[in-house]
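Could you walk me through how this fold is packed, with the cut-offs spelled out? Here is the model to keep open while you read.

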Amino acid sequence: MNPKNSLNRGFKGFPYAAKPCSADEIGQYGWNLYGDDLPYPMAVIKEAELEHNLRWMQAFAKERNIFIAPHGKTTMSPQLFRRQLEMGAWGMTFATVFQINAGLEAGAKRIIIANQVVNDADLDSLAYLLEADRELHVWFLVDSLAQVDQIESWAQRRAKKLRFDCLLEVGIEGQRTGCRTFDQAIELAGCIRSSASLALGGIECYEGGLAHCQSEHDRHEVGVLMARVEEITKACDRLGFFEGDQIILSAGGSAVFDLVVPGLRLSLSKPVAGVLRSGCYITHDHDFYSKMLHNVEQREGLKASLLPALEVWAMVQSVPEPGLAILSCGKRDISYDLSLPIVTHYAAKGRREKVPAPADWAISALNDQHAYLRFAPGPLAPRVGDRIIMGISHPCTTFDKWTWMPVVDAAGTVVSAITTRF
């Protein structure tokens, strides 16, 4: 048993009296959500919807002749990374050098760090990983001459002849990292080309900050960004700044990923690997990305798309006054950064099925360990012991609250589990 995958009573939500087991072995217990075999709150992944999303996104990329390197920061789960890679993912994306460990555990050999690597400790760690595994390929982002100077200083002080692969980042004024102008990008690309410590493998950008969930606006703004990427890429190609046998063009968050696809298929002097980095697709959500995907569906003429695969179950622990129920779930358990949880279903105490929640049932506030469920007083009201099922907005900030999650079938039976490495 891999100690990292061993589940026991030290994991939030693991039944205290159960014997330790691996994530893969958990199905042997036959636990069922409707049987209250697991304590509440409990974040769960629905197997059928998870499998659907894995296949859907892989097909989306394949049909458009591009690749996908899912952003692992969403789940930080080696089990889910392995499934993404087995489904055909080109590689994995991470935000930090530390996060690479979870990708290596899953067997990833191509990794994009969609961030700048600057400090000595991270460069030391990355050099160690690359020297230990010659089959491992890692590209990180570079966006300034100052960053190049720091990397070259590190190499000189460490007496390292290692050349790090990198992608030049094209940024957006007023937003995150990345070169703001054409001239800045070309000067930086030339500096990288002459560096003994870096090798330019391609161009990267991130368009997610431009998305307003308005197709006309989003199409225009992303189009402007991708036109800049194309101009810079073609100039770098013409000047011979790219090294290696292919050029990587990478973009794509989880909101308007369809709009960057044309810009990832440029015709250049070398083969182009267009790489999407969408991460939240694996479980999707019930609010923010659900609204964004509706626009993707309309733009692409899609008949089927992603399904919410992540939900959090809580129990009504008190109904202290008419119209208010207190649930056993709070900020420590569920996303709240983009919007409060959405009540989707409930399962009455003793019932082995869930039904849609009344439209007026809503979460009005969260404490650390409690959720406030508001409802119209009447005959249909939540009672102590009822199970309330909530959808989320932004899966990233639900995953980071759990060290494990059960994977359940349509009947609520636990069939497997995933662990996380936050």
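What follows goes through the cores, two helices, a sheet and a few polar side chains.

First, the ground rules. This is a predicted model, where local features need pLDDT of at least 70, side-chain atom pairs count only at pLDDT 80 or more, and totals for chains, interfaces and linings use all residues. Residues are numbered from 1 along each chain as its sequence is written, and side-chain values use heavy atoms, with hydrogens and water left out.

**Cores**

A nonpolar core here is a set of buried Ala, Val, Leu, Ile, Met, Phe, Trp, Tyr and Cys residues joined through side-chain atoms within 4.5 Å. Buried is under 20% relative accessible area, exposed is over 50%, and partly exposed is in between, using a 1.4 Å probe and protein chains only. The largest core has 135 residues, and the members touching the most others are Phe140 and Phe164. Helix H7 (residues 215-238) is the top contributor to this core, with 7 residues. Helices (H or I, at least four residues) and strands (E, at least two) are DSSP runs, numbered from the N terminus.

For contacts, the rule is heavy atoms within 4.5 Å. Skipping neighbours within four places in sequence, the contacts of Phe164 include Leu123, Leu126, Ala127 and Leu130, along with Phe140, Ile151 and Trp154. There is also a second, separate core of 9 residues, with Ile112, Leu167, Ile248 and Ala273 among them.

**Helix H4**

Several of those Phe164 contacts turn up again in H4, where Leu123, Leu126, Ala127, Leu129 and Leu130 are buried. Viewed down the axis of H4, the buried residues sit within an arc of 165°, so they line one face of the helix; the arc is that of the directions from the helix axis to the C-beta atoms. As background, an α-helix has 3.6 residues a turn, so residues three or four places apart point the same way. Tyr128 and Ala132 are exposed on the face of H4 turned away from the buried side.

The cover over the buried residues of H4 includes helix H3 (100-105), strand S7 (137-142), helix H5 (145-158) and strand S8 (164-170). The length checks out too: the 13 residues of H4 (residues 120-132) should span 18 Å at 1.5 Å a residue, and the end C-alpha atoms are 18 Å apart, which agrees. That expected span is 1.5 Å times one less than the number of residues. At the start of H4, a side-chain oxygen of Asn119 comes to within 3.2 Å of the backbone nitrogen of Ala121.

**Helix H8**

H8 (residues 288-300) has 13 residues and an expected span of 18 Å at 1.5 Å a residue; its end C-alpha atoms are 19 Å apart, which agrees. The buried residues in H8 are Tyr289, Met292, Leu293, Asn295, Val296 and Arg299. They fall within an arc of 155° seen down the axis of H8, so they line one face. Lys291 and Gln298 are exposed on the other side of H8, while H7 is part of what covers its buried residues. Just after H8, Gly301 has a positive phi of about 65°.

**The sheet**

An open sheet of 8 strands runs S4-S11-S10-S9-S8-S7-S6-S5, with parallel pairing. Strand S4 (67-68) and S5 are the edges, each with a single partner strand, so one side of each has no neighbour in the sheet. Two strands count as paired if DSSP finds at least two bridges between them. S4 and strand S11 (residues 272-276) are joined by 2 bridges, and Ile68 stands opposite Leu276 in S11.

**Buried polar side chains**

Thr93 sits in strand S5 (residues 92-94) and is buried, with a relative accessible area of 0%. Asp386 is in the loop between strand S17 (371-374) and strand S18 (387-391), buried at 6% relative accessible area. Thr420 comes after strand S20 (414-419) and counts as buried at 10% relative accessibility.

Their polar contacts are tabulated below; such a contact is a pair of N or O atoms within 3.5 Å, where within protein one must be able to donate a hydrogen and the other to accept it, and residues adjacent in sequence count only if both atoms are side-chain atoms.

| Side chain | Backbone partner | Distance |
|---|---|---|
| Asp386 | nitrogen of Lys349 | 2.9 Å |
| Asp386 | nitrogen of Arg383 | 2.9 Å |
| Thr93 | oxygen of Ala69 | 2.7 Å |
| Thr420 | oxygen of Trp402 | 2.6 Å |
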